Structures are given as structure tokens and as C-alpha cells.
Amino acid sequence: MGSINCARPPEQVLIDAIAGGTTFFQYREKGTGALTGSAAVELARQLQSICRAQGVPFIVNDDLELALQLDADGVHIGQEDAPAALIRQQLGPDKIVGVSAHSLAEAKQAIADGADYLGIGPVYPTRSKADAEPVRGTAIIEQIRAAGITLPLVGIGGIDARNAAPVLQAGADGVAVISAIAGALDSRLAAAELAALFAGDNISE
Ligand code: TZP
Ligand code: MG
């Protein structure tokens, strides 16, 4: 998320989201009205310190320079951004590289380039990304899984607690959401409702 996605102060949204069960955070300060320059860096620092205090990885969307400056845990890039292989090379082996993929071919290329996880979508229509690709539904996740790809897959796009189950059934390991949590009046509850969908995951077999 970024500041423009937040119904309340971003720091409060993040604190509440993590309290509700969010396990991974991507700083994505973009779109009309987004912070720029030192204000964007300052917000990043605030949110990173919240993540650090809670043991949640802090990933920067599409800004290698900012990620290096902050010693962030990683970078997430889309197909239109710098090549994944270059990001991996610049970050080294120990940081997290996430890549958005919209097809099996893009997924395979991202893995070859050194991605640690793939964001797959948009699963459903989204209002949080102006230049989003056409909706892919859950079939794309099934297709990537059926091809034998074992890398963590994260569904994204219009996902909330009411429509997340099919995304997981299709084979996703997780879901990435912006508005369902950042735009909620109660981000803790919104995150908890999503986290509840994963509640069985820790039960040993
Ligand atoms: N990439 C594909 S859809 C999307 C991004 C960044 C936006 C997701 O936001 P929301 O509000 O969860 O639909
Ligand atoms: Mg991008």
C-alpha cells in the first residue's frame, strides 16, 4: 500500500494490519496524490520501522534505489519495470525479489531471473491500479501450478475476505491486498478476516 490507499494514517493502518495477521508488507507509494521525494522516503522509514518491530518483511515496490537506501528486505517489480535479473544482481542473493506475472511464460521467465515469489493477477477487478492488466480470474493460478511451478504464488487484485477462498483453492499460497485492508475503517478486523482463511495452515499433519 501507499498513503493514497489508506482510510486512516498509513502508520496506523500498518500497525493494525499486522495486529490482525498481515505477514508481509510492500510499500507502494504511487498514483495521483502520492508522496514524492523526501516525504515518500520518510513515510517508507516509518513503515519500515513498524515492520521491523513486528518481524514483518518490508518490501519496496519498483524502486531499487529506495530499497538499497533503506536496506529494505526486498523489491517487488512488474513486467514494465527493471528486469528481474538486474534487480536480483543489484540486491544480492539474500534479499527478496518479487515479480508480477500474468502468464505462464512470464512466470517461468521470472523464476529464471531469480524471483523468490510471484504476484499473480489481477484475479478480480481492481480500483487500486489504474494501468492494471485485464482480469485473469483464478484460472491463471491453476495453470501456473499445473505447470509444476512450486515457487510461492500470491494472488492479487480485488481480493477480500469474501472472495479469497477460490484464490487459495486455485493454488495460491497467499493473497496480496490493498483496499481490503488499507481502505477499511477497521484494518485489524479486515486483516484478521483474511488471516482466518489461513488458520489451518499451521496445523501439523
Ligand atoms: N497489481 C495487480 S492488481 C493491483 C496491483 C498492484 C492492485 C491491488 O489492489 P486491490 O485494492 O487489492 O484490488
Ligand atoms: Mg510496477
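Which residue in E5 is the bridge partner of Gly 98? It is Tyr 117. I begin with that pair as one entry point into the sheet of this structure, which is a predicted model.

Good morning, colleagues. I shall take the sheet as a whole, then its strands in order, then three backbone features, and finally the ligand.

The sheet is open and consists of seven strands, in the order E1-E2-E3-E4-E5-E6-E7, with parallel pairing. Strand E1, residues 25-27, and strand E7, residues 174-176, stand at the edges; each has a single partner strand, so one side of each is left without a neighbour in the sheet. On average, and with direction ignored, neighbouring strands are turned by 30 degrees against each other. As a general reminder, the strands of a sheet pair through backbone hydrogen bonds, in either a parallel or an antiparallel manner.

Let us turn to strand E2, residues 58-61, which pairs with E3 in the parallel sense over three bridges. Val 60 belongs to E2 and stands opposite Val 75 in E3. Is Val 60 buried or exposed? Val 60 is buried, because 24 other C-beta atoms lie within 10 Å, and the threshold for that class is 20 or more. Leaving aside residues up to four places away in sequence, Val 60 touches Tyr 27, Leu 66, Ala 67, Ala 72 and Val 75. Val 60 and Gly 74 are separated by 14 residues in sequence, while their C-alpha atoms are 6.3 Å apart in space.

The connection from E2 to E3 involves helix H3, residues 64-70, and the three elements make a right-handed β-α-β unit.

Strand E3 itself comprises residues 74-77. In a regular strand the side chains alternate between the two faces of the sheet. In E3, Gly 74 and His 76 point one way, Val 75 and Ile 77 point the other way, and all are buried. On to the next neighbour: E3 and strand E4, residues 96-101, run parallel and are joined by four bridges. Gly 74 has Ile 96 of E4 opposite it. Here again a right-handed β-α-β unit is made, by E3, helix H4 (residues 84-91) and E4.

E4 is in turn joined to strand E5, residues 117-120, by four bridges, and these two strands run parallel. This is where the opening pair belongs, with Gly 98 bridged to Tyr 117 in E5.

Next comes strand E6, residues 153-156. Which residues cover its two faces? Leu 153 and Gly 155 lie on one side, Val 154 and Ile 156 on the other, and all are buried. E5 and E6 run parallel, joined by three bridges, and Leu 118 stands opposite Leu 153 in E6. The chain passes from E5 through H6 to E6 in a right-handed β-α-β crossover. E6 also pairs with E7 in the parallel sense, over three bridges, and Ile 156 has Ala 176 as its bridge partner in E7.

One helical residue deserves a place beside these strands: Leu 194, in helix H9, residues 187-195. Leu 194 counts as buried because it has 23 C-beta neighbours inside 10 Å. Apart from residues up to four places away in sequence, its contacts are Ala 161, Ala 164, Val 175, Val 177 and Ala 180. Leu 194 and Arg 162 are 32 residues apart in sequence, yet 8.5 Å apart from C-alpha to C-alpha.

I come now to the backbone features. Most residues other than glycine have a negative phi, and most peptide bonds are trans. Where, then, does this model depart from that pattern?

First, Asp 62, in the loop between E2 and H3, has a positive phi of about 55 degrees without being a glycine. Asp 62 counts as partly exposed because it has 19 C-beta neighbours inside 10 Å. Second, Asp 71, in the loop between H3 and E3, has a positive phi near 55 degrees. Asp 71 is exposed, since it has 9 other C-beta atoms within 10 Å. Third, the peptide bond from Gly 121 to Pro 122 is cis, with omega near -5 degrees; Pro 122 is located in the loop between E5 and helix H6, residues 139-146.

Finally, the ligand. How many residues surround ligand 1? There are 14, of which Thr 126, Ser 128, Gly 157, Ile 178 and Ser 179 come nearest. By class, the shell comprises seven nonpolar residues, six polar and one charged.

Thank you for your attention.

Methods. Residues are numbered from 1 along each chain as its sequence is written. Chains are lettered from A and ligands numbered from 1 in the order in which they are written. This is a predicted model: local features need pLDDT of at least 70, side-chain atom pairs count only at pLDDT 80 or more; totals for chains, interfaces and linings use all residues. A residue is buried if 20 or more other C-beta atoms lie within 10 Å of its own, exposed if 12 or fewer, and partly exposed in between; C-beta atoms are placed from the backbone. Two strands pair if DSSP finds at least two bridges between them. A crossover is right-handed if, with the strands pointing away from the viewer, the path from the first strand over the helix to the second runs clockwise. A residue is near a molecule or strand if its C-beta atom, placed from the backbone, lies within 6 Å of it. Ala, Val, Leu, Ile, Met, Phe, Trp, Tyr, Cys and Pro count as nonpolar, Asp, Glu, Lys and Arg as charged, and the others, Gly among them, as polar. Axes are lines fitted to C-alpha atoms, for helices over the stretch in contact, and angles run from 0 to 180 degrees between N-to-C directions. Two residues are in contact if their C-beta atoms, placed from the backbone, lie within 7 Å.
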